[in-house]
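Please find below my notes on this model, set out as numbered points. They deal with burial, charge pairs and nonpolar packing.

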Amino acid sequence: MSEPQTSGEARLRAHAAPEGEIAASTRTLVIGPYLARAAQTLGRVAPPTRSAAARLDEATGLAAAIELDVAESLSLSLPRIRPSTYLGKGRVEEIAGHIKAEDIGLVVMDCALSPVQQRNLEKAWGAKVIDRTGLILEIFGRRASTREGTLQVEHAHLAYQKSRLVRSWTHLERQRGGFGFLGGPGETQIEADRRMIQERMTRIERDLDAVVRTRGLHRQSRARVPYPIVALVGYTNAGKSSLFNALTKAEVTAKDMLFATLDPTARATKLPHGETVILSDTVGFISDLPTPLIAAFRATLEDAIEADVLLHVRDVSHEDAEAQAEDVGEVLRELGIDTTDGRLIEVWNKADLLDEAERTRLANLTGQGRVRNDRDSDTPILVSALTGEGLSALTSRIEARIARSRTSFAVALPPEDGAALHWLYENAEILDRRTEADGTLHLAVRVAPEKEPRFLNRFAGARRLGRAG
C-alpha cells in the first residue's frame, strides 16, 4: 500500500530546509579545511587570494549570522582532498574524539561537500554536518521576507537537496511493488521523493514567473516617469545598507552581520542639483556563492543589471578588501554585468575605522587629499557612511556620471512664464540660474535622453550646450 499523501508532503517540507531545523542552542564546531598552497599549485585549483584565518573568520561569522552557538573554530591545512571524507582518516578520527568530548551537535565545514562525503562524516562523527552551501542556504531561508525571495530560496533548497537524497533518505531504498506480471519492480521511495521535489520545483518556477511578470509591470509603470537607477553592490557586510540609509535618510536594517540584508530595497532621493534618482540596495555577495543562488537571485538583482550607475561599496578597513573586490567582480560577470562600460563607481567605505596614516594614504590615492578633485574622474571615493565623510563628493560623482549621457541646454524664459519654469524643475536638472534686470530668466539645464523630444517641443529656442561626458 502506498504511503499517505500527508507523509509525502511532510518529507517535501523537510527537503525544503536543507538540513532540517537547526536550533540556535546547538553547540557548533566550524572547520576550515583549506588546501595547502603547495597542493593548490600542483592541482588545478587557483592559489588562494585570502588567508586561511580570514576565511575561517568569515565562516564563523556566517554561523553567527543565524545565532548558532559556535563553541570552537578550527583551521586545517590539507595536502589533498579525500573523495570519501574530504579529510584524511587520521583527522576524521581525531575530530570524532573532540566532538564527543565537547558534546558538539553540529559541524560546519567551510567547503563544498559531496553527498557521500557529508554522509560519511556524519556517520564517523555522530553529529549533523553541513557544508558552506548548506549554511548559506540556511541563512537565506531564515532571512528572506518577500514572496519572491522566499520562493527563490525554497527553489535553491530543493535543488540542493535533490542530489542529497542518498544521505537523507537511505532507509527509503525499498521499492513499491507493482501489480500483476506487468507491474514491474515498481518505483523506489527515493525516486518518488525526487519526483515530488521536481514537481514542487516546477510549481515554484511557475509562481516565480508570475512574480517576475508583476514586477515587470511595475517597472513599465516606473518607466513612464523615468528616473536613473543607482544600485549599490558589494561584498556582504561592506556597509551598503548603512550607505543607503545615509544617502536616502531611510531606516533599512543595517547591522554588523553577514547577510543582514537579503531582500532589495529601493528609495527615491534627490541629488545636489535636484536630479531625482532611484537608489537600490541589493543583497551582499560572498566568495564561493552557491551557483543555485546566483541563478535564483538574478531577478532580485535586476536593478543592478539595468542600473545607470553602479556603486561598488568596499570595506577598505578589512584585511581582505582586495580579495573581496575580486569576488564581487566575478559575481557581477556571472550576472552579465559589464563593469568596464563607465557605469561603475568604487566607493571605499568605513573610512572611520582606518588609522590616520592609512586614511591619509587612501585619501591621496583617491585624489581627495588634494585641494581640487575631478568630480567625474574614475578614481574611487573614500567615504564613511557612519560619519558622513565623503558623501558630498560621492553624490557629485553620481551626478556627473549620470550627466555623461545627457545634453545640456541654455534656456531663456520671460518672468511671467511660471508654468515653463515649473516644468523644467520637474523634468530637467537645473545647473545654473540667473535673472536679468528686466526679469528674464537664463537657465542652464540638463535633460535626460528620453525627455529630450518633449523638451525640444516645448522649448524650441533652447540652445544646445553639449554633453557632460
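1. Helix α5 spans residues 115-125, and its buried residues are P115, Q117, Q118, N120, L121, E122 and W125. The list mixes residue types: the acidic E122 is on it, and so are L121 and W125. Just after α5, G126 has a positive phi of about 65°. The model is a predicted one, and local features such as these are reported at pLDDT of at least 70.

2. The largest nonpolar core has 36 residues. Within this core, L135, I139, F285 and L310 have the most contacts. At least two residues of the core come from each of β1 (27-35), α3, β3 (106-109), α6, β5 (229-234) and α13. Helix α3 gives the most, with 5 residues. In soluble globular proteins, nonpolar side chains tend to be buried together.

3. There is also a second, separate core, with 22 residues. Among its members are A238, V309, L311 and I402.

4. How many salt bridges does the structure hold? The count is 13. Side chains of opposite charge can pair when their charged atoms come close. Points 5 to 7 take up individual pairs.

5. R132 and E58 form a salt bridge in which the closest N and O atoms are 2.7 Å apart. The pair joins distant parts of the chain, with R132 in helix α6 (residues 132-143), E58 in helix α3 (residues 52-65) and their positions 74 residues apart. R132 and E58 are both buried. The pair also belongs to a network of salt bridges that links E58, D110 and R132. Helices α3 and α6, which hold the two partners, are also among the elements that each supply at least two residues to the 36-residue core.

6. K350 and D315 meet through their side chains in a salt bridge, at 3.6 Å from N to O. Here too distant parts of the chain are linked: K350 lies in the loop between β9 (344-349) and α14 (356-366), D315 lies in strand β8 (residues 309-315), and the two are 35 residues apart. Both K350 and D315 are buried.

7. D378 pairs with R401 in a salt bridge whose closest N and O atoms are 3.5 Å apart. D378 sits in the loop between α14 and β10 (381-382), while R401 sits in helix α15 (residues 391-403), 23 residues away in the chain. Are the partners buried or exposed? D378 counts as exposed because its relative accessibility is 67%, whereas R401 is buried, with a relative accessible area of 6%.

8. D320 is in the loop between β8 and α13. With a relative accessibility of 8%, D320 counts as buried, the cut-off for burial being under 20%. D320 and S51 are 269 residues apart in sequence, yet their C-alpha atoms are 8.1 Å apart in space.

9. D288, E326, E330 and E334 form a negative surface patch. One of these, E334, belongs to helix α13 (residues 321-334). E334 is partly exposed because its relative accessible area of 45% falls between the limits of 20% for buried and 50% for exposed. Helix α13 thus appears in two settings: E334 from this helix is part of the patch, and α13 also supplies at least two residues to the largest nonpolar core.

Notes: Residues are numbered from 1 along each chain as its sequence is written. This is a predicted model: local features need pLDDT of at least 70, side-chain atom pairs count only at pLDDT 80 or more; totals for chains, interfaces and linings use all residues. Side-chain values use heavy atoms; hydrogens and water are left out. Patches are made of residues with over 30% relative accessible area and no salt bridge: like charges are joined within 9 Å, nonpolar side chains (Val, Leu, Ile, Met, Phe, Trp, Tyr) within 5 Å. Accessible areas come from the Shrake-Rupley method with a 1.4 Å probe; for residues, only the protein chains shown count as cover. A salt bridge is a side-chain nitrogen of Lys or Arg within 4 Å of a carboxyl oxygen of Asp or Glu. Lys and Arg count as positive and Asp and Glu as negative; His and the chain ends are not counted. The place of a charge is taken as NZ of Lys, CZ of Arg, CG of Asp or CD of Glu. Helices (H or I, at least four residues) and strands (E, at least two) are DSSP runs, numbered from the N terminus. Buried means under 20% relative accessible area, exposed over 50%, partly exposed in between (1.4 Å probe, protein chains only). A nonpolar core is a set of buried Ala, Val, Leu, Ile, Met, Phe, Trp, Tyr and Cys residues joined through side-chain atoms within 4.5 Å.
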